[in-house]
Amino acid sequence: MTKLKIALQKSGRLSDKSAELLREAGIHFPNDGSKLRTEASNFPLEIYLLRDDDIPQYVADGVADVGIVGLNVVAEKDKNLKVAERLGFGKCRLSIAVPKNEPFSGIADLNGKRIATSYSRIVSRYLKEQGISAEIHEISGSVEIAPGIGLADAICDLVSTGSTLLTNGLREVVTVMHSEAVLVARPDLSREKAELLDKLVFRLQAVRKARN
Ligand code: ATP
Ligand code: ZN
């Protein structure tokens with residue numbers, strides 16, 4: 001029997017809510033976060049627990065058929081994937097922030113500046129659209145300390161409440177994108193798998209309606 005393979009974040013902000021959403025959709029599977037692969041007992045679904053940053057690649061390669069990951073990661077990895085459904089959790093924004101005492105009157109102030117980010121592809125694309133030429137420094141974590149240590153003039157990072165920015169003496173000046181968890185799929189699924197995906201999406205939509 002054909003099974004749909006879904007990739008979920010193994011441990012992080014999206015993990016619990018992803019599993020919870022599947023369970024609310026009536027899909028039963030073992031609650032053992034230490035296993036990297038498990039199966040649902042009442043829906044043809046195989047579940048893989050992976051690092052969220054790797055999910056777009058695994059789905060693009062067909063290791064998994066679908067995955068739950070932040071739209072920000074989908075946009076940064078830029079694989080040929082289809083957003084099958086927005087899931088309404090993991091909401092945040094990708095924003096540019098500058099030191100709080102630094103004057104800022106508009107995006108043009110970023111010309112010639114150094115911007116530290118883990119989202120270099122999204123930020124480059126955005127600045128290009130805006131006609132800004134800045135230097136992008138790709139760093140993988142703790143981006144918010146970069147201005148304080150003289151590594152950058154600004155940062156672009158994920159923000160939800162903004163408290164991390166404040167703690168680091170930064171203020172948000174430009175929103176580059178809004179994000180939330182999404183269900184992504186390979187565009188070339190077999191007919192059987194596409195039908196399973198439709199069934200899954202139908203159930204996820206029912207959960208969201210019931211939650212509202
Ligand atoms: P790692 O890959 O090192 O475990 P990560 O930052 O990629 O860390 P999480 O912190 O678990 O992983 O974030 C996963 C996703 O949760 C993000 O890509 C984003 O879509 C979403 N998210 C929601 N709110 C926030 C926030 N305030 N900060 C960071 N991510 C957030
Ligand atoms: Zn990650």
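Student: In which sense do strand 4 and strand 11 pair, parallel or antiparallel?
Tutor: Strands (E, at least two residues) and helices (H or I, at least four) are DSSP runs, numbered from the N terminus. Two strands pair if DSSP finds at least two bridges between them. Strand 4 and strand 11 share five bridges. Their sense is antiparallel.

Student: What pLDDT do local features need in this model?
Tutor: Residues are numbered from 1 along each chain as its sequence is written, while chains are lettered from A and ligands numbered from 1 in the order in which they are written. This is a predicted model: totals for chains, interfaces and linings use all residues, side-chain atom pairs count only at pLDDT 80 or more, and local features need a pLDDT of at least 70.

Student: Which residue of strand 11 is the bridge partner of Ile-68?
Tutor: Strand 4 spans residues 66-70 and strand 11 spans 181-185. The bridge from Ile-68 leads to Leu-183.

Student: Which residue of strand 4 stands opposite Ile-6?
Tutor: Strand 1 and strand 4 run parallel, joined by two bridges. Ala-7 stands opposite Gly-67 in strand 4. Ile-6 stands opposite Val-66.

Student: How many residues of strand 4 are buried?
Tutor: A residue is buried if 20 or more other C-beta atoms, placed from the backbone, lie within 10 Å of its own; 12 or fewer makes it exposed, and in between it is partly exposed. Strand 4 is mostly covered. Of its five residues, the buried ones number five.

Student: Why do strand 2 and strand 5 each have one side without a neighbour in the sheet?
Tutor: The open sheet has six strands in the order 2-3-1-4-11-5, with mixed pairing. Strand 2 and strand 5 (82-86) stand at its edges, so one side of each has no neighbour in the sheet. The reason is that each has a single partner strand.

Student: What angle does the direction of helix 1 make with that of strand 1?
Tutor: Axes are lines fitted to C-alpha atoms, for helices over the stretch in contact, and angles run from 0 to 180 degrees between N-to-C directions. From one strand of the six-stranded sheet to the next, the twist averages 30°. Helix 1 packs on this sheet and touches strand 1, strand 4 and strand 11. With strand 1, its direction makes about 145°.

Student: Is Thr-38 in strand 2 buried, exposed or partly exposed?
Tutor: Thr-38 is in contact (C-beta atoms, placed from the backbone, within 7 Å) with Phe-29, Pro-30, Asp-32 and Ile-47, leaving aside its neighbours within four places in sequence. Within 10 Å it has 17 other C-beta atoms, so Thr-38 is partly exposed.

Student: Which element gives the largest share of the largest nonpolar core?
Tutor: A nonpolar core is a set of buried Ala, Val, Leu, Ile, Met, Phe, Trp, Tyr and Cys residues joined through C-beta atoms within 7 Å. This core has 31 residues, and Val-66 and Val-184 touch the most other members. Elements giving two or more residues include helix 1 (15-24), helix 2 (55-61) and helix 6 (191-211). The largest share is five residues, from strand 11.

Student: How many residues does the other core have?
Tutor: Nonpolar side chains tend to be buried together in soluble globular proteins. The other core lies apart from the largest one. Among its members are Val-98, Leu-110, Ala-116 and Ala-134. It has 20 residues.

Student: Which residue of strand 9 stands opposite Ala-116?
Tutor: Five strands form an open sheet in the order 8-7-9-6-10, with mixed pairing. Strand 7 (114-117) and strand 9 (154-159) run parallel, joined by three bridges. Ala-116 stands opposite Ile-155.

Student: How far apart are the C-alpha centres of domain 1 and domain 2?
Tutor: The bounds come from an automatic or database domain assignment. Domain 1 covers 4-90 + 180-211, and domain 2 covers 92-179. Their C-alpha centres are separated by 30 Å.

Student: Which helix gives the most residues to the side of domain 1 that touches domain 2?
Tutor: Eight residues of domain 1 are in contact with eight of domain 2. Four residues on the domain 1 side come from the helix at residues 71-77. That is helix 3.

Methods:
Two residues are in contact if their C-beta atoms, placed from the backbone, lie within 7 Å.
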